[in-house]
Amino acid sequence: MDGAVVTGGEPTLNPGVFRFVERLREWGFAIKLDTNGSQPRVLEQLLPQVDYVAMDVKFAPTDYPARAGFGDIGALTESIRLIREKAADYEFRTTVIEAWHHADQMQAIGEWVKGARRHVVQAFVPRFDLPDPACRSMPETRSEVLQASAEVLRRYVAQVE
């Protein structure tokens, strides 16, 4: 094993994350950080210590408060900027939910992360243990919807997977 992923919940909320990352580095691990971008000041301090960052961009900025339960768009925007400018390597990623991610939402996400190296779109897969009961019965994202979302993002991002 030569790498470790620091993930959560949201790992940047844990005050022990700095010591944990430091310890992983001492042990010689490559380090990937998964984040929702809600803590840009913490993220800024962690960026020099990690090899890769994956930030979830769950929704278009205007949809965040209602859909994600938090809406500090300024913090998310700052995290996007920090990652684009200072991360050794990174990706933004969006789990596409057909009922919520139409072309206009994907365009808004593209404009938000414009100039990024990489954006990954992934299919939503319903599970019985999702926190939002309404999501448990939503359909899995169809491949043609995922492809259409990727096409929209290709106008803004260097590489879309």
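**Exercise 1. How many bridges join β2 to β3, and which way do the two strands run?**

Before we start: this is a predicted model.

*Step 1.* Look at the pairing. β2 and β3 run parallel, and four bridges hold them together.

*Step 2.* Pick a point of register. Thr-35 sits opposite Met-55 in β3.

*Step 3.* Follow the chain from one strand to the other. It goes from β2 through α2 to β3, and this β-α-β crossover is right-handed.

*Step 4.* Now move on to the next strand. β3 also pairs with β4 in the parallel sense, over four bridges, and here Asp-56 has Arg-93 in β4 as its bridge partner.

**Exercise 2. Work out the strand order of the sheet and say which strands stand at the edges.**

*Step 1.* Line up the strands. The sheet is open, has six strands with parallel pairing, and reads β1-β2-β3-β4-β5-β6.

*Step 2.* Check the ends of that order. β1 (3–6) and β6 (159–160) each have a single partner strand, so one side of each is left without a neighbour in the sheet.

*Step 3.* Try one more pair. β4 (residues 90–96) and β5 (residues 118–123) run parallel and share five bridges; in this pair, Thr-94 is matched with Val-121 in β5.

**Exercise 3. Is strand β3 mostly covered or mostly open, and what does each of its faces look like?**

*Step 1.* Recall the basic pattern: in a regular strand, side chains alternate between the two faces of the sheet.

*Step 2.* Sort the residues by side. Tyr-52, Ala-54 and Asp-56 go on one side, Val-53 and Met-55 on the other.

*Step 3.* Check burial. Five of the five residues of β3 (residues 52–56) are buried, so both faces are covered.

**Exercise 4. Find the buried sides of helices α1 and α6 and say what packs there.**

*Step 1.* Take α1 (residues 17–26). Its buried residues are Val-17, Val-21 and Leu-24. Viewed down the helix axis they fall within an arc of 60°, so they line one face of α1.

*Step 2.* Ask what that face meets. The buried residues of α1 pack against β1, β2 (30–35) and α2 (40–46). After the helix comes Gly-28, with a positive phi near 90°.

*Step 3.* Turn to α6 (residues 143–153), which lies across β4, β5 and β6 and runs at about 165° to β5. Its buried residues are Val-145, Leu-146, Ser-149, Ala-150, Val-152 and Leu-153. They take up an arc of only 160° around the axis, which puts them on the same side of α6.

*Step 4.* Compare the two sides of α6. The cover over its buried residues includes β4, α5 (103–112), β5 and β6, while the face turned away carries the exposed residues Ser-143 and Gln-147.

**Exercise 5. Which kind of aromatic pair do Tyr-64 and Trp-112 make?**

*Step 1.* Get the two values you need: a ring pair is described by the distance of the centres and the angle of the planes.

*Step 2.* Apply them. The structure holds six aromatic pairs. For Tyr-64 and Trp-112 the centres are 5.7 Å apart and the planes stand at 75°, so the pair is edge-to-face; the cut-off for that label is over 60 degrees.

*Step 3.* Place the pair in the chain. Tyr-64 belongs to helix α3 (residues 64–68) and Trp-112 to helix α5, 48 residues apart, so to speak a link between distant parts of the chain.

*Step 4.* Check burial against the cut-off of under 20%. Tyr-64, at 1% relative accessibility, counts as buried, and Trp-112, at 11%, counts as buried too.

*Step 5.* Widen the view. Phe-59, Tyr-64, Phe-70, Trp-100 and Trp-112 form one aromatic cluster.

Notes. Residues are numbered from 1 along each chain as its sequence is written. This is a predicted model: local features need pLDDT of at least 70, side-chain atom pairs count only at pLDDT 80 or more; totals for chains, interfaces and linings use all residues. Side-chain values use heavy atoms; hydrogens and water are left out. Two strands pair if DSSP finds at least two bridges between them. Contact means heavy atoms within 4.5 Å. Axes are lines fitted to C-alpha atoms, for helices over the stretch in contact, and angles run from 0 to 180 degrees between N-to-C directions. Buried means under 20% relative accessible area, exposed over 50%, partly exposed in between (1.4 Å probe, protein chains only). The arc is that of the directions from the helix axis to the C-beta atoms. A crossover is right-handed if, with the strands pointing away from the viewer, the path from the first strand over the helix to the second runs clockwise. Rings of Phe, Tyr and Trp (its six-membered ring) pair if their centres lie within 6.5 Å; planes under 30 degrees apart count as stacked, over 60 as edge-to-face and the rest as tilted.
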